[in-house]
Structure formats: C-alpha cells, structure tokens
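Hello,

The structure is below, followed by my notes on it. Please look through them before you set anything up.

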Amino acid sequence: MRVARDGRTGRPGEPIEIYKEEAIAMLDSVFTGWGAFWAVIAMFAPFALMGIYIVRRKSVSDTGPSPLQPSEFIPLEGVWLTFAFIFFVIINLAGLKFIPWAAAAPSLTAEPAEPITQAVDFTAKSWAYDLSSRQIEAGKPVRFSGRSSDTQHGFAVYHPDGRMLFTMLMMPNTTKATSVVYTFKDPGTYKVRCLEYCGIAHHAMQDELTVVKSN
Amino acid sequence: MSFATSVVNNTPIFGRMIYVDKSTGLEEINAWPALMIMSSFIWLVVAGILGLALPATQIFQAGEDHYYTAMTLHAAALVFPFSVQLMMGVGLHRSGGCVGKAITGFWPAMTWLTMNLGSAILTVAVLMGLKVSLMVMFPLPLVGAQMGVWSMESVIVGFTGIYLVLASMILFYPILIFKMMFWGRKRPELILSERSLNDPGMLGMILSAMVLFLTGLPLVVVGTTLLLALYKILPMSMAAWAADPVVFQYSFFFFAHNLMEAMAIMVASAIYATLPLYLADGSRKLISDKMANLALWILLVTSITSGLHHFITFYPNQPAALSYWGSVMSWSTGIGVALSIFTIFATIWKHGLKPEVGLIAVLIGWGIYIFDGASAMVTSSIAWAYQLHGTMWQSGHTMTVVLSMALMWMGILYHHYPVITGRKLDPALGRLYVWLMSIGGIGVAMVMLMAGADGMPRRIANWHQENWMFWGNLFMFFGLILGAAFLVYLYNLMKSSEITATVGRQLARA
Ligand code: HEM
Ligand SMILES: [Cu+2]
C-alpha cells in the first residue's frame with residue numbers, strides 16, 4: 001500500500017490514484033526554473049557521453065571502418081528518432097497543466113474552475129507600476145491584467161524565497177490587456193520586477209505585493 | 001593586388017593573422033573572405049573585452065550607465081560584425097572553392113562595407129547614449145528620446161547603422177550567394193573541391209541565404225519606412241503603421257529568429273562538408289546524404305514559424321494557438337537536430353576519425369550548440385517560458401547559440417586557413433585553444449542558465465540583490481577562461497607566419 005505525501009493511504013486495489021498524485025506532485029518541481037535546468041542536463045548528458053565515447057573510440061582505439069553497412073543503421077535511426085519524438089511529446093503534454101492560462105481553464109480539471117474573485121489591474125510606465133491593489137488572498141485565484149503606456153515592460157512576480165513564479169510582457173497600443181491567472185499558496189511579501197529592458201532605470205522598476213492568509 | 005588583399009596585408013597585428021598569400025593563385029576566392037574574417041576578429045576583441053566589462057562593472061560597482069552601454073555594444077558587436085561576418089567570410093571562401101567562381105566586385109565589397117560601416121555607426125550611436133540592448137526593444141528608442149534620456153540624433157544615427165547591417169545580411173550577402181550559385185563563369189583553376197547543389201554541404205548554403213532574404217524582407221520594408229520618416233523624407237503619419245510596436249516586434253523577431261536558424265543551417269551544412277574530409281578510412285562520405293539533407297529541410301520548415309515562442313508571455317495579445325504552434329515548431333526543430341546528430345555519430349562510427357584539432361574544435365562547438373538547443377526547446381515550452389522569459393536563461397541561450405556557431409566556424413577556419421594564407425597552424429596551441437574554449441564555453445553557458453533558473457533577470461544593471469553576485473562572479477571566472485581561449489586562437493594565427501614559410505599553391509591543393 002502506498003502512502004501519499006500528506007499521509008493519506010490508498011485504498012487497497014486503488015493505488016493508482018496515489019501514484020498519479022505523486023507523479024503530479026513531482027511535476028510541480030519539474031516545471032520550475034531549476035526543473036528546466038535539469039531537463040536540459042537530462043537531454044544533454046546522454047548526448048555528451050555518447051559523443052565522447054564515439055569520438056574517442058573511433059579516433060584512438062579502433063579507427064578502422066566498422067563492418068556495419070549503412071543500411072544496418074536505419075533501424076537504429078528509427079528507434080532513436082521515435083524515442084526523441086515520444087520524449088518530446090511526453091514533456092510537452094506533462095507541461096500543459098502548468099500553463100497559467102490552461103490551468104485556469106475549466107476543461108483540464110474535472111471539477112468546474114474556481115471563480116476568479118480577485119483582480120489586480122495595472123499600468124506599467126517607465127519606470128514604475130500603477131497597481132489597482134497590492135493585497136491578495138492566498139489560496140484563491142487572482143487575475144493580473146496589465147498594459148503599458150509607453151514602451152515594452154515586464155511584470156514578473158517573485159516568491160519571498162527568490163523563485164520567479166511567472167512573468168508577463170506588455171507592449172503599448174494593444175487592444176487587450178496582457179493577463180495571467182495565478183493562485184498564491186504562501187502568505188508573504190512578493191517582489192515584482194520588470195524583466196523587459198526598458199532603458200537606463202530598468203533595474204529600478206520594482207514593486208511589492210502582499211499575500212495574506214485567506215479568511 | 002585587390003583592394004581587399006591590400007587592406008588585409010597592410011593592417012597591423014590583425015592583418016598578420018590572415019595574410020593573403022597570392023602565390024596560391026586563389027586570391028579571387030580568398031581576398032574578400034580574408035578581409036571579412038580579419039574584420040570579425042577586430043570586433044571580437046573589442047566586444048569580448050566589453051563582455052568581461054559586464055561582470056566587472058558589477059564587481060566594482062562602476063555604475064548602471066556603463067553596464068547598459070557595455071551590454072548593448074557587447075551583444076550587438078558579437079552577433080553581427082563578429083559572428084555573422086565570420087560566417088560570411090568562411091562560408092564565402094568555402095562556396096567559392098566548391099563552385100569555382102571568383103568572389104570579386106560590387107557584391108562582396110558592399111557586403112563587407114555595409115556590415116562594418118553600419119556596426120561602426122551603431123557603436124557611435126550607443127556612445128552618444130542610445131542604450132537599447134541588442135534587441136532594440138522598440139519603441140524604446142523613440143520613447144527614450146521623448147523622455148530626454150538620449151537624443152533624437154542618436155536614434156537617427158543608430159537606426160542608420162542598424163539599417164546598413166541589415167542590408168548586408170538580408171540583401172547583399174544573400175544576393176552574392178545566389179549570384180555565385182546560379183550565374184557567373186565557372187573557373188576550373190578556382191575549384192578546390194567541387195560540389196553540386198545536391199550535396200548537403202552546398203544545399204545548406206542556399207537554404208540559409210534564402211531564409212535570410214525571405215524572412216528579412218518584412219523587416220526591410222518596416223525599417224525603410226521608419227528610416228525615411230526619421231529622415232523626414234516621409235511624413236510620420238505615413239510611417240505610423242511601421243512604428244506600431246506589435247508590427248515592429250513581429251517583423252523584427254521573424255527575421256532575428258530566422259537569422260539564428262539560417263546560421264544554424266549553414267553551420268550544419270559546413271559540418272556535413274568538413275567531417276567527411278577527416279574520416280579515418282578516407283571514404284569522404286557521410287553515412288547518408290539523403291538523411292543529412294532531410295535534417296536541413298526539417299530545420300528549414302520548422303524554424304520559419306518557431307519564432308512565435310518569443311511572445312508566449314504576451315497572452316492573450318498573442319493568441320494561445322499561436323503560442324502552442326510556436327512551441328510545437330520549436331520542439332520539431334529538435335527532431336531535425338536529432339536526425340543530424342545521428343548522421344554525424346553514425347558517420348564517425350562507420351568510417352573512423354582523424355582527430356585533427358580543427359575538426360575537434362568543430363565537434364565541441366557543435367556539442368555546445370546541442371546543449372544550447374536543449375535550453376532553447378525547454379524555454380519554448382509554454383509552462384517553462386512563463387518562468388524563464390526575461391531571465392539570464394535567455395541571455396545565456398542567446399549568447400550560447402551565437403558563441404557555439406562562432407566556435408564551429410573558428411574550427412572550420414582551421415581547415416581553410418592553409419588555403420588562404422599558404423601557412424600552417426601550430427597544433428599544440430590548437431589543442432590548448434580547444435581545452436580553454438571547451439571549459440570556458442560550456443562553463444559560461446551553464447552558469448548563465450543556472451542564474452536564470454535561479455530567477456536572476458537579464459539586462460539588469462544591479463546584480464547586488466538576492467545573492468545574484470554569486471552568479472556574477474562565476475560569469476567573470478568562466479568569461480576569463482573563454483577570453484583566454486580566444487587570445488590563444490588569435491595568437492596561433494599570428495604566429496603561423498613565423499613558424500612556416502609559405503608553401504602557397506602546394507598547400508592549397510593538398
Ligand atoms: C569573453 C567573455 C564573455 C563574458 C564574460 C560575457 C558575458 C555576458 C553577459 C553577463 C551577458 C548578459 C547581459 C545581460 O543580459 O544583462 C552577455 C550577453 C550576451 N553575450 Fe556575452 N560574454 C562573453 C563572450 C561572448 C561571446 C564570445 C559571444 C558571442 C560570440 C557573446 C554573445 C552574447 C550575446 C549575443 C548576448 C546577448 C544576450 C541577450 O541579451 O539576449 N558573449 N554576455
Ligand atoms: Cu520596464
């Protein structure tokens with residue numbers, strides 16, 4: 001019998017649910033900045049090892065031609081490409097849940113989506129934000145909608161522990177506001193930074209949001 | 001003696017790196033390429049020092065203004081007049097020797113002139129205060145002028161420079177390639193190793209010139225309109241459509257993204273052409289030309305629209321469907337790359353390898369390129385894009401893709417060097433270069449991605465927050481190793497004139 005992270009146990013004969021939950025919990029850390037880095041290493045390391053092995057072997061120890069005929073490489077090539085293809089598809093399907101706009105859509109989760117009751121509207125202008133609200137309740141989705149009134153700007157929200165949670169890109173003169181729906185978990189002070197270079201005081205374009213416990 | 005030869009052979013220090021040897025009888029395919037290669041190295045030295053200045057301004061807290069100046073010049077110079085120009089130079093020499101046609105006259109002259117003059121003018125604009133980063137960040141130049149951060153003159157000067165650089169890449173260079181491939185007289189004495197258009201090494205040249213030309217045209221139209229308005233030849237009201245940020249950004253990235261892809265296609269084809277010459281059994285063949293070409297076609301088709309991944313976080317202004325499309329196309333370029341990985345590994349496996357320094361340098365550059373490709377696919381996934389866009393990850397990716405391609409061309413130049421100069425390079429210095437460049441190149445790439453994973457923003461002049469200086473110091477450490485690698489490489493070129501007397505024609509035909 002499997003035990004989930006929060007201590008719940010699966011009913012006998014129904015362990016699948018827990019495996020699934022655990023897999024999804026693991027994905028939570030895959031689709032982060034550092035998860036991205038390890039994903040790159042996971043793709044690169046086998047390539048690098050293979051490359052070093054082949055180049056060393058065929059230029060130092062065994063330089064003669066291999067008896068393999070070109071036609072014998074074809075099945076191997078098929079396997080390799082199929083593997084790459086499946087790997088790419090799996091990663092991209094797994095990522096769907098973590099797309100902010102998809103996560104907010106009802107169709108992906110079996111339950112009806114939670115109504116979005118909080119909104120933060122803002123205008124970005126060199127080099128500050130004009131925010132409709134700086135206080136947000138944890139655990140409830142909030143819709144951020146932003147526009148720029150002069151040049152390109154960003155709006156990136158940082159967790160108190162320094163992780164970047166999401167960023168947005170705004171350009172002037174768009175008909176719609178750029179928008180993201182996000183649900184904060186932890187109360188605390190969150191930094192906002194502009195991540196689109198916007199001139200000589202770009203680094204000073206910052207703000208803060210306060211996330212409070214939901215009542 | 002042609003103009004290009006006399007400029008190269010009379011330039012102090014840098015001229016000695018790639019002195020054109022007329023006794024090879026190949027001056028007509030060597031001179032302009034040598035001038036481009038030499039010019040690219042001058043830009044490399046200047047802009048490489050500016051690269052080191054980036055962490056240095058932070059370590060010594062030398063002021064934000066200096067950071068943004070160095071950042072704009074560093075990236076712009078290393079992409080255009082260094083990497084693109086190096087690629088043009090080596091690529092032109094290579095194509096000339098494959099089709100046996102002279103590279104002389106108006107088109108190579110204009111390609112070289114517009115690239116270097118444009119870059120110099122852009123440099124002047126940046127020094128006048130126009131700090132807009134490599135990507136221009138339109139409408140930032142105009143907004144900055146309105147806010148009085150920099151002058152309108154600097155904007156006009158800057159756009160003039162950029163425009164000339166674009167003309168070099170989008171018009172003069174592609175036209176020169178087409179002209180060489182399809183017109184002009186074939187001269188048997190200029191043929192070094194004849195190749196047809198079906199050859200993977202040749203196909204890539206044509207495809208990439210086509211990509212530059214076609215994907216650049218929208219930007220040329222937008223840029224021309226804007227420039228005419230800036231010069232007051234056209235009323236601003238008629239240029240308003242081109243000054244719309246969304247129009248400008250999409251045409252800019254349609255080109256900028258495909259410029260990278262075109263360079264990738266070209267360098268892939270250059271490996272396809274070079275690797276067979278170093279096979280141990282002398283077979284001089286890839287395992288399958290068909291598969292090699294298929295990879296180029298996949299890269300071509302998927303790359304055209306994958307640039308939509310630049311605007312994922314612009315949702316819903318960029319509709320979700322376009323972002324998904326951009327993401328799927330980006331991962332599909334990975335399939336093209338997977339195919340070329342197989343072709344290269346299988347070729348080496350089948351025929352064995354003569355591990356000469358130049359080829360090893362090419363293969364390591366290619367390895368760094370694959371590493372970068374993985375980082376690029378990852379950020380094109382929508383979920384990851386939301387957490388990485390605008391961080392050092394993107395700078396790391398942009399820098400690494402350009403760097404890796406430059407490293408491959410520098411390796412390929414080892415192969416062509418004797419034909420241009422009639423001289424040989426010192427293999428021991430070559431090996432030292434390969435070591436330094438591997439450690440520095442992979443090191444810088446890794447730490448920039450890690451800094452991005454850690455949330456450190458790109459293009460930000462204040463690293464003294466959140467422990468980001470930890471990464472800043474590592475940039476400096478690996479940057480110095482990379483800088484040392486370049487110095488060793490250039491020193492090797494300079495020294496070649498001392499260690500070998502010219503053997504001219506014999507070497508050229510070897
Ligand atoms: C000599 C050592 C080098 C150091 C220490 C260095 C450092 C850096 C740093 C810190 C950035 C990030 C700037 C920012 O986003 O705020 C950067 C950007 C960049 N570097 Fe380098 N660099 C070096 C060499 C190179 C080389 C050799 C190339 C190309 C061949 C290159 C191409 C670029 C490009 C294209 C960017 C712009 C990325 C972007 O803003 O999108 N760098 N470099
Ligand atoms: Cu901003």
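B:Ile13 sits in the loop between helix H1 (3–10) and helix H2 (14–17) of chain B. Its phi is near 55°, a positive value in a residue other than glycine. Bear in mind that this is a predicted model.

**Backbone points in chain B**

B:Gln61 also has a positive phi without being glycine; the value is near 45°. This residue is in the loop between H3 and H4 of chain B.

There are cis peptide bonds to note as well. One runs from B:Phe138 to B:Pro139, with omega near 5°. B:Pro139 belongs to the loop between helix H5 (106–127) and helix H6 (140–147) of chain B. Another cis bond links B:Tyr315 to B:Pro316, and here omega is about -5°. The loop that holds B:Pro316 runs between helix H11 (289–306) and helix H12 (320–351) of chain B.

**Ligand 1**

Which residues come nearest to ligand 1, of the 25 around it? They are B:Tyr67, B:His74, B:Ser395, B:Met399 and B:Arg459.

Polar atoms of chain B face oxygen atoms of the ligand at these places:

- B:Ser395 places a polar side-chain atom 2.7 Å from an oxygen atom of ligand 1.
- B:Arg458 also uses its side chain, with a polar atom 3.0 Å from an oxygen atom of ligand 1.
- B:Arg459 uses its backbone instead: an N or O atom lies 2.7 Å from an oxygen atom of ligand 1.

Four helices of chain B each give at least two residues to the shell: H3 (27–59), H4 (64–99), H15 (392–421) and H17 (468–499). H4(B) has the largest share, with seven residues. By class, the shell has 16 nonpolar, seven polar and two charged residues.

**Where chain A meets chain B**

On the chain A side, 81 residues are in contact; on the chain B side, 88. The two chains bury about 7200 Å² between them. Carbon and sulfur atoms account for 72% of that area.

How many salt bridges cross this interface? The rule finds one. It pairs the side chains of A:Arg193 and B:Glu466, at 3.0 Å from N to O. Polar contacts between the chains come to 23 residue pairs, with both residues at pLDDT 80 or more.

Several elements of chain A supply two or more residues to its side of the interface. The helices are H2 (33–61), H3 (70–95) and H4 (100–103). The strands are S7 (164–166), S8 (169–170) and S9 (178–183). H2(A) gives the largest share, 19 residues. The chain A side divides into 49 nonpolar, 25 polar and seven charged residues.

**Inside chain A**

The domain assignment splits chain A into domain 1 (5–27 + 101–212) and domain 2 (33–98). Five residues of domain 1 touch four residues of domain 2. About 370 Å² is buried between these two domains, and carbon and sulfur atoms give 77% of it.

What of polar links between the two domains of chain A: how many salt bridges are there? The count is zero. Residue pairs in polar contact, both at pLDDT 80 or more, also number zero. On the domain 1 side, helix H1 (16–30) and H4 of chain A each supply at least two residues. The domain 1 side that touches domain 2 is made up of five nonpolar residues, with no polar and no charged ones.

**Salt bridges overall**

A search of the whole structure, over all chains, finds nine salt bridges. One lies within chain A, between A:Arg134 and A:Asp207; their closest N and O atoms are 2.9 Å apart. A:Arg134 is in the loop between strand S2 (128–131) and strand S3 (135–137) of chain A, and A:Asp207 is in strand S11 (residues 206–212), so this pair ties together parts that are 73 residues apart in sequence.

That is the full set of notes from my side.

Best wishes

Definitions and conventions: Residues numbered from 1 in each chain as written. Chains lettered and ligands numbered in written order. Predicted model: local features only at pLDDT ≥ 70, side-chain atom pairs only at ≥ 80, totals over all residues. Heavy atoms only, no water. Contact = heavy atoms within 4.5 Å. Buried area = accessible area lost by both parts, 1.4 Å probe. Salt bridge = Lys/Arg side-chain N within 4 Å of Asp/Glu carboxyl O. Polar contact = N/O pair within 3.5 Å; in protein donor to acceptor, adjacent residues only side chain to side chain. Nonpolar A, V, L, I, M, F, W, Y, C, P; charged D, E, K, R; others polar. Near = heavy atom within 4 Å. Domains from an automatic or database assignment.
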